[in-house]
Amino acid sequence: MASDDTSGSAGGFDFEEIRKLLEQMGLRTGDMDLNQLFEQVSRMQAGGMPGFAMTNADRDPDAAWRTTMTAAQQLTQEKGPDAEMQASERDLLADSERLAQSWLSGHTTFPETGLAPAGVRRQEWLQRTSQGWRTLVEPIIDGLADALQRGASAEAPEELGALSAMLGPMMRSSASLIYRDRLKKVLAEVASTTLTGTEVGINLMEDTPVLILMSNVAAFTENLELPESDVLLYLLVREAARQRLFHGVAWLSPQLNALLAHFAREISIDFEAISAGFDPSQLQNFSLEDMMEVGEQVRGSFFKPASTPSQLEILGRLELLLALIEGWVDHVTARATAQWMPNASQLSEVVRRRRASGGPAQEVFNQLLGLDLRPRLVRDAENLWASIEHQRGDERDSVWRHPDLLPTADDLKDPLNFGNHGDEPGGNDDLDAELRKILGRDE
């Protein structure tokens, strides 16, 4: 690349267009050649120029996370009223939770957590789940940042040349900012719609009681022709069942986190798709709005469906595990409520419709991971748990003793056959070995 040719091209990319783009970003280039330009960008990065300097996330990850959660909490305030629970509501919650637990005890071997239930507001739910969200998404943020920085220096189209390599750290910071911007919006949306503490399908809190978001439940029941007390009781049965499962199966949450961490390391960025959004002939008119649009294109490229065999295998396992959890909750809830709630089947159908139309779990995994959860898998998993109970009776829950004992995707297609090999540990493939390493069980 010639450093003294200010009118030619660099790696197939016209130098004057590079100059114009940098000037639009606030970098005055004058008559500098490319080497001088690169030195100027480096000085801007060191000096703190917005867009070129290290971001808050680079300097202080804790402060960056607090900023993200504060922004999410502020956005929840725009989602409508969220009143404190009244004394009568707290009494109803306590009585309903005790009844739900008594029903469940006859249909699962997992014990109660022993913690009193709590009704929380949306912002409190975000506060309680903050560390859980951080554990969940920071490996993904790091994976995206690593992928974008790698791509900027090695995988980007040739015409971006040395400029992309030099701006790699800025690209890394941009990946973090783009993801965090999406994250705060998703968290605010989920906080305004989720009905219970773990309806998203994962456990985000340690030693958590059964939680209910009463304002969201009230909004959810407005258009249902069902008694609100019955809806509350049914939701409490589901939440208590899920809490018993997460508390009773120590490896479950770490396994989910390990799958997500492994997925994050496999992230790649589609630089061809990103570069297609640039039109060098129009750079002289590049505005702030245009830059934001390019940012949206970059953001979108993060969440295209997985394409590599490793990504597909990881996401397949993640989807299967989430389906087994929700299928178990559906099955146990149906068994626990069948005798006592005449409208249990109606309430079950309400939950199914909510799931099919895109509930909180779909929102989280689609928007933050690009994973589309298939409701059909949850139905298949519920049928499988029913089949296991039919074959083994009280031994149904023993399937959760170890991840290698869990049903596979093929078992969902043939649930009656699972009993023939369900107690045999699965094969030790490469992904199993990697997950054991992540979980600290490399033995």
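The expected span of a helix is 1.5 Å times one less than its number of residues. Keep that rule handy for the legends below, which all show a predicted model.

**Figure 1. The whole protein, before we zoom in.**
This predicted model is built from 19 helices and four strands. Of its 443 residues, 51% are buried. Now take the contacts between residues at least 6 apart in sequence: 77% of them join residues at least 24 apart.

**Figure 2. Helix H14, end to end.**
H14 runs over residues 309–337, which makes 29 residues. How far apart should its ends be, at 1.5 Å a residue? The rule gives 42 Å, and the end C-alpha atoms are indeed 42 Å apart, so the two agree. H14 is also mostly covered, with 21 of its 29 residues buried.

**Figure 3. Where H14 meets H17.**
Here H14 crosses helix H17, which covers residues 375–392. Their axes come within 7 Å and cross at roughly 60°. That angle makes H14 oblique to H17, and the crossing is right-handed. Plenty of side chains join in: on the H14 side you can pick out Trp 328, His 331 and Arg 335, among others. Their partners in H17 include Leu 377, Trp 385 and Glu 389.

**Figure 4. Ser 387 and its partners from further along the chain.**
Ser 387 sits in H17. Is Ser 387 buried or exposed? Its relative accessibility is 8%, and buried means under 20%, so Ser 387 counts as buried. Leaving out residues up to four places away in sequence, Ser 387 touches Pro 415 and Leu 416. Pro 415 is 28 residues away in sequence, yet the two C-alpha atoms are 6.3 Å apart in space.

**Figure 5. H9 against H10.**
Helix H9 (residues 214–221) packs against H10, with axes that come within 10 Å and cross at roughly 125°. That makes H9 oblique to H10. H9 passes H10 in a right-handed crossing. Met 214, Val 217, Ala 218, Phe 220 and Thr 221 make the contact from H9. H10 answers with Glu 228, Val 231, Leu 232 and Leu 235. Look at the spacing along a helix while you're here: an α-helix has 3.6 residues a turn, so residues three or four places apart point the same way.

**Figure 6. H10 against H15.**
H10 has another partner, helix H15 (residues 344–356), packed at an angle of about 70° with the axes 11 Å apart. That makes H10 roughly perpendicular to H15. This crossing is right-handed. From H10, the contact uses Asp 230, Val 231, Tyr 234 and Arg 238. From H15, it uses Ala 344, Leu 347, Ser 348, Val 351 and Arg 355.

**Figure 7. Arg 238, an arginine tucked away in H10.**
Arg 238 belongs to H10. With a relative accessibility of 6%, Arg 238 counts as buried. Which residues does Arg 238 touch, not counting those up to four places away in sequence? They are Glu 326, Val 329, Asp 330, Thr 333, Val 351 and Arg 355. You've met some of these names already: Glu 326 and Asp 330 are among the H14 residues that meet H17, while Val 351 and Arg 355 help make the H15 side of the contact with H10.

**Figure 8. Gln 243, also in H10.**
Gln 243 lies in H10, the helix of residues 228–248. Its relative accessible area is 1%, so Gln 243 is buried. A polar atom of the Gln 243 side chain lies 3.5 Å from the backbone oxygen of Pro 209. Besides Pro 209, Gln 243 touches Thr 113, Thr 198, Asn 203, Thr 208 and Val 210, again not counting residues up to four places away in sequence.

**Figure 9. Helix H11, wrapped up by its surroundings.**
H11 covers residues 252–265 and has 14 residues. From first C-alpha to last, H11 reaches 21 Å, close to the expected 20 Å. Since 11 of the 14 residues are buried, H11 is largely enclosed by the rest of the structure. Among the buried ones are Leu 252, Gln 255, His 262 and Phe 263.

**Figure 10. Thr 67 and a partner far along the chain.**
Thr 67 is part of helix H4 (residues 61–76). At 49% relative accessibility, Thr 67 counts as partly exposed. Thr 67 and Lys 184 are 117 residues apart in sequence, while their C-alpha atoms are 9.4 Å apart in space.

Terms used: Residues are numbered from 1 along each chain as its sequence is written. This is a predicted model: local features need pLDDT of at least 70, side-chain atom pairs count only at pLDDT 80 or more; totals for chains, interfaces and linings use all residues. Side-chain values use heavy atoms; hydrogens and water are left out. Helices (H or I, at least four residues) and strands (E, at least two) are DSSP runs, numbered from the N terminus. Buried means under 20% relative accessible area, exposed over 50%, partly exposed in between (1.4 Å probe, protein chains only). A polar contact is a pair of N or O atoms within 3.5 Å; within protein, one must be able to donate a hydrogen and the other to accept it, and residues adjacent in sequence count only if both atoms are side-chain atoms. Contact means heavy atoms within 4.5 Å. Axes are lines fitted to C-alpha atoms, for helices over the stretch in contact, and angles run from 0 to 180 degrees between N-to-C directions. Angles under 35 degrees count as roughly parallel, over 145 as roughly antiparallel, 65 to 115 as roughly perpendicular and the rest as oblique. A crossing is left-handed if the near helix is turned anticlockwise from the far one by less than a right angle, and right-handed if clockwise.
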